[in-house]
Amino acid sequence: MTTIYIDGDEFTLENGEHINAIQAAARFGIEIPYYCWHPALSVVANCRMCEVEVGSRDPKTGEIRMLPKLVPACQTPAKDQTVLITKSPKVLEHRRMIMELLLLNHPLDCPVCDQAGECGLQDFSYDHGRAEHRFVETRNVNPRKDVSDRIQLNADRCIMCTRCVRFTREITRTGELQVMRRGEHAEIGVFPEYELDNPLAGNVVDICPVGALLDKDFLHKQRVWFLSKHDSICTGCSTGCNITVEENKGAAWRHKPRYNPHVNDYWICDEGRYGYKVANDPELLDATYVLEDGDHRATPIDQAIAAVSRNLALIAREGGKIAAIVSPFLTVEEAYLLCKYIKAISPSSVLAIGPIPRSGEDATWLPDKSQGRTGDVSFVVCRPFTIRAEKCPNRRGVEEVVRHFQGEVIDYASIGARIGGGEFQAAYVTSNAPEPAFDESAATTIRRGVSFLVVQDTRITPLANQADVVLAGGTYAEKAGCYVNHDGRLQFAEAALPPREGVLPDLDVFSILLERGAAPIRSFDVLAELAAEIEVFAVAAGGRIAEFGGTIGGVESNRSAPKNGSVYEQVYQDPWAGVRR
Amino acid sequence: MRLDDPCIKKLEPPKLNVFERTYLPQIIDGLAVTGRHILGVLRGESITIEYPEQPHRPSPNYRGVHRLNKDEEGRVKCVACMLCATACPVHCIDIIGATAPEGWSDREKYPASFVIDELRCIFCGMCEEACPVDAVELTSFYDLTGLSREEMIFDKTKLLSVYDLTKDSEPSRMGNLTTF
């Protein structure tokens with residue numbers, strides 16, 4: 001048990017964790033402002049914003065001895081009998097002084113700066129700064145420059161916290177960024193021809209507390225206070241990174257990482273970061289189509305669903321077999337309803353998992369406490385970050401659902417051959433993959449094998465061109481539901497955008513096919529139902545999922561998971577990120 | 001500005017004496033104004049005008065149709081910060097920002113599109129107050145008419161042309177502050 005004293009109040013830390021004063025104070029709702037400290041990076045204490053009065057208390061006599069000078073809280077371990085004073089006139093005056101220093105050369109261009117609204121300088125200047133500017137010399141003006149094709153550096157806005165430099169040295173260990181020149185002329189930069197182009201480079205924009213590093217993809221497009229944030233899961237690969245999809249005016253504008261110690265830590269890869277474009281693609285299917293007289297006609301969704309229902313029932317009644325290909329891009333709830341529907345029409349139907357897209361090899365970044373570090377690492381907990389070769393979000397989840405309904409999981413390679421062999425009379429194929437899952441020849445094989453083909457997809461693919469009924473599915477941003485990542489972690493993704501005009505989300509389509517009533521379907525209700533029915537998903541009992549998700553099958557993954565209740569098990573967000581209330 | 005800012009001067013309403021609390025002086029004052037007007041009309045000093053033959057000149061702080069100001073080089077002054085769109089209580093301003101063209105060395109952002117829906121606008125003047133570069137201003141144009149709804153949605157070209165029409169008769173109210 002650790003007892004610390006903050007502003008005269010006594011607090012106890014249960015776990016005996018090794019955390020710093022900022023983390024300890026934040027646990028008890030006391031904010032110590034900071035810029036340069038980041039929980040995943042080594043402590044350099046160079047912004048001086050978090051300095052507080054620190055002392056220690058003698059437990060026997062109760063005597064408190066304070067250090068004569070202010071001490072950076074990011075470097076102060078919250079050990080037993082530590083005394084912190086965070087609101088004394090001395091500390092407040094110091095913060096005012098530091099804000100003035102940091103803003104000496106800072107241009108007053110908040111109206112055109114993309115960081116405005118989620119900027120550490122704006123927030124702390126309002127809380128701790130002063131309104132006047134006493135600097136009479138000419139301000140340093142550094143022109144804008146590019147550190148890569150995707151990231152722009154506005155060096156005049158930089159406060160030299162070196163978070164970005166430490167990120168490239170300690171997390172990616174590529175070290176593209178460094179501080180060039182000294183003192184007032186110090187500037188972040190890259191060497192010519194060695195630009196910041198590693199696969200995690202976009203994270204430097206997120207960790208920059210000011211508007212110095214900006215994403216050129218988002219540059220000048222939106223003001224951040226117009227964006228609504230939706231907690232979602234990246235569907236780019238089977239890691240299942242936690243992200244927020246930020247949306248305004250019916251379009252997604254960017255992805256930002258969300259902290260999850262079990263999955264992605266504080267980071268996302270650039271592939272996932274720019275993956276939001278899938279949701280805005282003008283080529284997405286805009287209506288449901290039914291093949292009539294050799295031509296695909298746009299048909300109202302209810303008629304198309306009725307046609308699917310009628311034809312599949314007819315084939316089943318005549319003793320025909322139905323094959324369903326369950327895409328690994330469907331959520332657990334959607335896969336559950338689809339399997340339930342197909343098995344309800346005809347128990348002889350065969351369920352198979354769709355093609356699993358793979359590209360390249362798994363790439364893992366494993367930060368090390370001794371590699372590339374520049375400062376105190378005693379508060380850092382190293383966790384790996386992996387970009388998986390398996391480019392779909394929910395293989396594990398779909399497999400578990402299919403296994404429940406059928407007892408075995410059939411992969412696409414074998415079902416494809418069986419469909420081609422003419423074993424089935426009808427096929428229900430789902431995809432929703434960003435790249436067409438079935439090429440021309442696979443599409444022709446499936447088409448030739450069956451007399452009735454239903455395709456549910458988000459875009460026009462070779463298979464959709466040959467289908468009898470094309471149902472338009474929702475993109476990842478248009479549907480709510482759970483995905484099970486590579487590790488077996490069940491995580492919930494919110495819907496960020498309303499369904500496109502003329503399109504029903506997949507869950508509603510399956511719900512109508514199952515004749516579950518006309519009321520809109522909620523993914524939580526389906527999740528509760530399937531958690532009760534399928535033992536593996538018991539972690540989602542009642543349709544409730546923990547903040548950081550839960551492991552299916554009750555088996556905790558082998559990842560170095562933090563202990564319950566520890567500081568790393570709490571949601572972390574930089575104080576300036578997000579909406580200020 | 002914070003509510004507890006020491007610079008804020010709080011004012012109390014004036015205390016009324018016994019005579020004033022009868023409200024007779026206020027009533028007499030009001031009747032005097034009415035009386036002056038009646039006498040003025042009798043003397044031939046009309047307080048109405050023969051509109052539209054005789055043009056009406058609103059007061060200098062009248063809030064009419066918007067204009068988008070231009071700088072000395074004839075470029076649009078707006079930097080697409082969208083503070084007007086943020087301040088607008090009826091959401092009638094729609095701006096699409098873009099990176100400024102090469103050669104605009106003094107700013108990095110400009111409005112690719114700037115649209116005000118004059119039908120939805122309530123002419124409150126919040127956009128004018130929010131603008132950090134005094135690019136959007138309300139003019140004294142009050143006789144705003146159109147034959148269709150589309151015509152009343154003013155785009156950048158139309159708003160800039162309002163500036164060309166009014167720049168001589170109505171110089172910028174805020175003076176010429178520095179741009180970014």
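**Group meeting: strands, domains and a chain contact**

Let me start with one pair of residues: A:Ile6 has A:Leu84, in strand 6 of chain A, as its bridge partner. Please keep in mind throughout that what we have here is a predicted model.

So where does that pair sit? Strand 1 of chain A runs parallel to strand 6, residues 82-85, and three bridges connect the two. On top of that, strand 1, which covers residues 2-6, pairs with strand 2, residues 9-13, and this time the sense is antiparallel, with five bridges. If you want one to click on, look at A:Thr3, whose bridge partner in strand 2 of chain A is A:Thr12.

And what lies between strand 1 and strand 2 of chain A? They form a hairpin with two residues between the strands, and A:Asp7 there takes a positive phi near 50 degrees.

A quick reminder for those of us who spend more time at the bench than at the screen: strands of a sheet pair through backbone hydrogen bonds, and they can do so parallel or antiparallel.

Now let's zoom out. The domain assignment splits chain A into domain 1, residues 2-99, and domain 2, made of 288-360 plus 392-569. How far apart are the centres of domain 1 and domain 2 of chain A? Taken over C-alpha atoms, the separation is 51 Å.

Next, another sheet in chain A. Three strands make up an open sheet in the order 12-13-14, with antiparallel pairing. Its edges are strand 12, at 228-233, and strand 14, at 251-257, each of which pairs on one side only. On average, neighbouring strands in this sheet are turned by 30 degrees against each other, ignoring direction.

Strand 13, residues 242-248 of chain A, is joined to strand 14 by six bridges, and the two run antiparallel. A nice one to look up is A:Thr244, which has A:Lys256 in strand 14 as its bridge partner. While you have it on screen, remember that in a regular strand the side chains alternate between the two faces of the sheet.

Finally, let's bring in chain B. How many residues does each chain bring to the contact? Chain B gives 13 residues and chain A gives eight. On the chain B side, the elements that give two or more residues are helix 2, at 83-87, and strand 2, at 93-99. Strand 2 of chain B supplies the largest share, three residues. As for chemistry, the chain B side that touches chain A divides into seven nonpolar, three polar and three charged residues.

That's my tour, thanks for listening!

How values were computed: Residues numbered from 1 in each chain as written. Chains lettered and ligands numbered in written order. Predicted model: local features only at pLDDT ≥ 70, side-chain atom pairs only at ≥ 80, totals over all residues. Domains from an automatic or database assignment. Pairing = 2+ DSSP bridges. Helix = DSSP H or I, 4+ residues; strand = E, 2+ residues; numbered from the N terminus. Axes fitted to C-alpha atoms, helices over the stretch in contact; angles between N-to-C directions. Contact = placed C-beta atoms within 7 Å. Nonpolar A, V, L, I, M, F, W, Y, C, P; charged D, E, K, R; others polar.
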